[in-house]
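Here is a short tour of a protein chain, written for someone who likes to see charges, strands and contacts laid out side by side. Please keep the viewer open while you read.

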Amino acid sequence: MLIKKIFPPKRSVFILDTDGDGRVDSIQIKFINLLIPFVIPEEIEIGDFNIKKFDPNTLDVSKYREFYLDDMKLNFSKDNVNLDTLKSRLSIYHKGESFNLNDIMEGKLSGRTVNLNDSISLLIKLDDDILKKFTKGSHCFKIKSDLVSNLEINFELDETNMNIKFDPDST
């Protein structure tokens with residue numbers, strides 16, 4: 001039930017045009033803090049993973065987690081994901097400010113206070129073949145992991161959250 005509150009089905013996933021050319025190119029996943037204000041820690045550790053101690057060139061997310069869109073497994077293996085591409089396609093937004101993967105690794109996101117009702121957005125630029133899978137209707141992201149509890153984010157796509165222009169101030 002808590003997951004539905006912090007990832008509301010009609011207000012947590014958006015299919016966006018981020019460069020203003022009229023074509024969708026990205027997905028935005030928005031987390032809304034409904035619990036208590038918190039400060040993003042300097043050291044982010046999940047199990048054996050510590051963001052400041054890992055070599056991004058050896059990162060293989062598939063060793064730690066399995067990702068699914070609906071019932072389709074997404075391949076995030078080291079052989080399938082180019083780190084330079086990931087660095088250029090992934091951003092986190094908080095209060096209208098953008099942080100790329102390098103910023104996060106350097107600790108530029110740490111120390112920020114996420115107040116009650118603030119949101120944090122993950123923005124990922126995707127290829128057209130993947131974007132086509134985000135059709136109107138109900139969907140589910142699933143993350144299965146041995147490190148942390150499994151996570152399911154149910155979401156719905158319709159005209160209010162599809163094919164819209166990205167506004168960093170609404171993140």
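Let us begin with charge: Lys10, Glu156 and Asp158 are linked in a network of salt bridges. Please bear in mind that this is a predicted model.

**Salt bridges**

Within that network, the side chains of lysine 10 and glutamate 156 form a salt bridge with an N to O distance of 3.7 Å. Lysine 10 sits in the loop between helix H1 (2-6) and E1, while glutamate 156 belongs to strand E13 (residues 151-157), so this pair ties together parts that are 146 residues apart in sequence. Lysine 10 counts as partly exposed because its relative accessibility is 43%. Glutamate 156 is also classed as partly exposed, at 30% relative accessibility.

Another salt bridge brings together the side chains of aspartate 128 and arginine 23, at 3.1 Å from N to O. Here too the pair links distant parts of the chain: aspartate 128 is in helix H4 (residues 128-131) and arginine 23 is in the loop between E1 and E2, 105 residues apart. Aspartate 128 is partly exposed at 38% relative accessibility, and arginine 23 is partly exposed with a relative accessible area of 49%.

How many salt bridges are there by this rule? The count comes to 11. Three of the pairs are set out below.

| Salt bridge | N to O distance |
|---|---|
| Lysine 10 and glutamate 156 | 3.7 Å |
| Aspartate 128 and arginine 23 | 3.1 Å |
| Lysine 73 and glutamate 66 | 3.5 Å |

**A buried charge without a partner**

Is aspartate 17 buried or exposed? Aspartate 17 is buried, and it has no salt bridge. The nearest side chain of opposite charge is that of lysine 165, 5.9 Å away; a salt bridge needs a nitrogen-to-oxygen distance within 4 Å, so this pair does not qualify.

What does the side chain of aspartate 17 reach instead? Its side chain comes to 2.9 Å from the backbone nitrogen of glycine 20. Aspartate 17 is placed in strand E1 (residues 13-17). Leaving aside residues up to four places away in sequence, aspartate 17 touches Gly22, Arg23, Val24, Asp25, Ile164, Lys165 and Phe166. One of these contacts, Arg23, is the arginine that forms the salt bridge with aspartate 128.

**The six-stranded sheet**

Strand E1 is also part of an open sheet of 6 strands, in the order E9-E8-E11-E2-E1-E14, with mixed pairing. Strand E9 (97-100) and strand E14 (164-165) stand at the edges with a single partner strand each, so one side of each is left without a neighbour in the sheet.

Strand E11 (residues 119-125) pairs with strand E8 (residues 90-94) in the antiparallel sense over 5 bridges. In this pairing, histidine 94 has isoleucine 120 of E11 as its bridge partner, and tyrosine 93 stands opposite serine 121 in E11. Strand E2 (residues 26-32) pairs with E11 as well, again in the antiparallel sense, over 7 bridges. There, phenylalanine 31 stands opposite isoleucine 120 in E11.

**Strand E6 and its partners**

Which residues make up strand E6, and how many of them are buried? E6 covers residues 65-69, and 4 of its 5 residues are buried, so-called mostly covered. Antiparallel to E6 runs strand E12 (residues 137-145), joined to it by 5 bridges. Phenylalanine 67 has isoleucine 143 of E12 as its bridge partner.

E6 is also joined to strand E7 (residues 72-74), by 3 bridges and in the antiparallel sense. Tyrosine 68 stands opposite lysine 73 in E7. E6 and E7 form a hairpin with 2 residues between them, and aspartate 70 in the turn has a positive phi of about 55°. Lysine 73 also meets glutamate 66 in a salt bridge, and glutamate 66 counts as partly exposed at 31% relative accessibility.

**The chain as a whole**

Stepping back, the protein chain has 4 helices and 14 strands. Buried residues make up 37% of its 171 residues. Of the contacts with a separation of 6 or more, 63% are between residues 24 or more positions apart. The protein chain exposes about 10,300 Å², and carbon and sulfur atoms supply 50% of that area.

Conventions. Residues numbered from 1 in each chain as written. Predicted model: local features only at pLDDT ≥ 70, side-chain atom pairs only at ≥ 80, totals over all residues. Heavy atoms only, no water. Buried < 20%, exposed > 50% of the residue type's maximum accessible area, 1.4 Å probe, protein only. Lys, Arg positive; Asp, Glu negative; His and termini not counted. Polar contact = N/O pair within 3.5 Å; in protein donor to acceptor, adjacent residues only side chain to side chain. Contact = heavy atoms within 4.5 Å. Pairing = 2+ DSSP bridges. Areas by Shrake-Rupley, 256 points an atom, 1.4 Å probe, with all protein chains shown as cover.
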